[in-house]
Amino acid sequence: MNTPFRSALAAGAVLALAGATVWAVDTSKLPLPTPRKVDFAKEIYPIFVEKCISCHGPEKQKGKYRMDTKEHAMKPGSDGPFFIPGNSEKSPMVHIVAGLIEEGLMPPPSDKPGESVPLTKEQISLLRAWIDQGAVWPEGEIKMAVKELTFTADIKPLFDKSCVSCHGPAKAEGGFKADSREGVLKGGDVYGAAVKLDAAARSPLVIIVSGQDADIPQPEKHKLPAKDAELVKKWIEQGAK
Ligand code: HEC
Ligand code: HEC
């Protein structure tokens with residue numbers, strides 16, 4: 001542990017990103033840690049969700065790195081851990097998001113305006129404070145970070161595309177209209193209320209769009225892609241706002 005090489009790494013003096021090149025890191029210009037206790041679920045995880053998880057989450061693991069769960073995020077890279085609890089100044093993750101490593105800035109710069117926005121100074125300060133405070137990542141699903149889903153923003157576009165031709169202003173098969181939140185909550189003639197707020201997974205709407213209803217006519221018209229069906233279920237779990 002105490003060989004000069006190891007301690008140089010631990011001191012954050014050098015970091016080999018992607019296992020290739022070694023760069024000196026000047027931490028003197030880093031924004032200072034936020035001088036108060038920070039809340040991981042409210043303040044840190046949302047940064048990861050907004051800026052990182054599209055490339056380092058369940059769907060893609062660019063650079064073989066995944067950071068949506070504690071287990072994955074804390075796994076060391078080929079050159080050691082990305083987070084050094086208690087020492088943000090020496091944590092490679094801070095160097096990476098602050099652009100202190102040449103060609104190692106995350107999210108990676110993009111030519112398209114607005115596509116890749118680096119962390120703000122404030123976000124880097126929060127991240128530093130969280131690491132200095134022990135980089136505590138609670139067990140289990142991070143609930144606070146879940147985006148609040150709404151009918152208008154998240155569900156209506158799906159239904160406009162797949163359902164409204166038969167369940168909308170022109171035609172309402174089974175008395176069911178999918179073009180408004182009220183219509184969806186009200187449900188249709190046969191099934192009644194399509195949404196069960198206390199049991200999202202057992203809502204007729206969820207059963208129908210996830211392809212589990214054996215009796216629905218034209219099942220292929222009723223089945224949504226798994227990720228959209230999951231979104232409908234999440235929307236109900238969150239109160240069908
Ligand atoms: C648009 C996609 C994209 C986004 C967004 C993105 N990354 Fe990356 N990330 C990559 C790619 C590509 C690599 C691999 C780079 C390489 O190997 O040269 C990488 C590599 C990494 C690595 C290094 C893995 C290793 O073993 O060397 C870390 C750590 C990392 N990213 C953290 C982050 C963080 C933190 C964020 C958010 C602040 C982020 N990334 C956002 C694409 C992305
Ligand atoms: C091609 C036309 C068509 C499309 C597209 C369609 N449906 Fe239907 N849907 C029907 C028909 C026909 C019925 C059965 C009506 C009946 O029983 O009289 C039905 C029944 C239903 C019911 C039960 C209503 C009741 O009677 O209580 C729900 C809920 C429903 N559909 C939701 C959806 C959703 C959500 C979508 C989009 C993912 C969708 N449907 C797409 C034709 C369609």
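Okay, before anything else, one definition: when I say helix, I mean a DSSP run of H or I with at least four residues, and helices are numbered from the N terminus. With that settled, here's a small detail to start us off: just after helix 10, Gly-239 takes a positive phi of about 105°. Something similar turns up elsewhere, because if you go to helix 5, you'll find Gly-134 just after that helix with a positive phi of about 110°. And please keep in mind that this whole thing is a predicted model.

Let's stay with helix 10 for a minute. How far apart should the ends of its twelve residues be? Helix 10 runs over residues 226–237, and at 1.5 Å a residue the expected span is 16 Å; the C-alpha atoms at its two ends are 16 Å apart, so the numbers agree.

Now, which residues of helix 10 are buried? They're Ala-229, Val-232, Trp-235 and Ile-236. Those buried residues cover an arc of only 115° around the axis, so they sit on the same side of helix 10. Flip over to the other side of helix 10, and Ala-226 and Lys-227 are exposed. And what do the buried residues pack against? That would be helix 6 and helix 8.

Hold on to helix 6 and helix 8, since they come back with ligand 2. Around ligand 2 we've got 27 residues, and the closest are Cys-163, Cys-166, Gly-174, Gly-188 and Val-190. Helix 6, which is 151–162, helix 8, which is 204–209, and helix 9, which is 219–222, each put at least two residues into that shell. Which helix gives the most to it? Helix 8 does, with four residues. By class, the shell around ligand 2 splits into 15 nonpolar, nine polar and three charged residues.

While you're looking around there, find Tyr-191, in the loop between helix 7 (181–186) and helix 8. Is Tyr-191 buried or exposed? Neither, quite: it has 18 C-beta neighbours inside 10 Å, and since buried takes 20 or more and exposed takes 12 or fewer, Tyr-191 counts as partly exposed. Its C-alpha atom is 9.8 Å from that of Ser-203, twelve residues apart along the chain.

Okay, over to ligand 1. Here 20 residues surround the ligand, with Cys-52, Cys-55, Gly-63, Gly-77 and Met-106 the closest. Helix 4 gives the most to this shell, namely three residues. The classes come out as 13 nonpolar, five polar and two charged.

Helix 4 also matters for my last topic, the cores. The largest nonpolar core has 24 residues, and the ones with the most contacts inside it are Ile-44, Val-94, Val-97, Ile-124, Leu-127, Trp-130 and Ile-131. Helix 2 (40–51), helix 4 (92–97) and helix 5 (121–132) are the elements that give two or more residues to this core. The largest share, five residues, comes from helix 5. Apart from this core there's another one, of 16 residues, with Phe-159, Leu-205, Val-209 and Trp-235 among them.

So, a closer look at helix 5. Its buried residues are Ile-124, Leu-126, Leu-127, Arg-128, Trp-130 and Ile-131, and what covers them includes helix 2 and helix 4. Take Ile-131: leaving out residues up to four places away in sequence, Ile-131 touches Phe-83, Pro-85, Ser-88, Ser-91 and Val-94. And the length check works here too, because twelve residues at 1.5 Å each should span 16 Å, and the end C-alpha atoms of helix 5 are 16 Å apart.

That's my tour, thanks!

Definitions and conventions. Residues numbered from 1 in each chain as written. Chains lettered and ligands numbered in written order. Predicted model: local features only at pLDDT ≥ 70, side-chain atom pairs only at ≥ 80, totals over all residues. Near = placed C-beta within 6 Å. Nonpolar A, V, L, I, M, F, W, Y, C, P; charged D, E, K, R; others polar. Expected span 1.5 Å × (residues − 1). Arc of directions from axis to C-beta. Contact = placed C-beta atoms within 7 Å. Core = buried A, V, L, I, M, F, W, Y, C linked by C-beta atoms within 7 Å.
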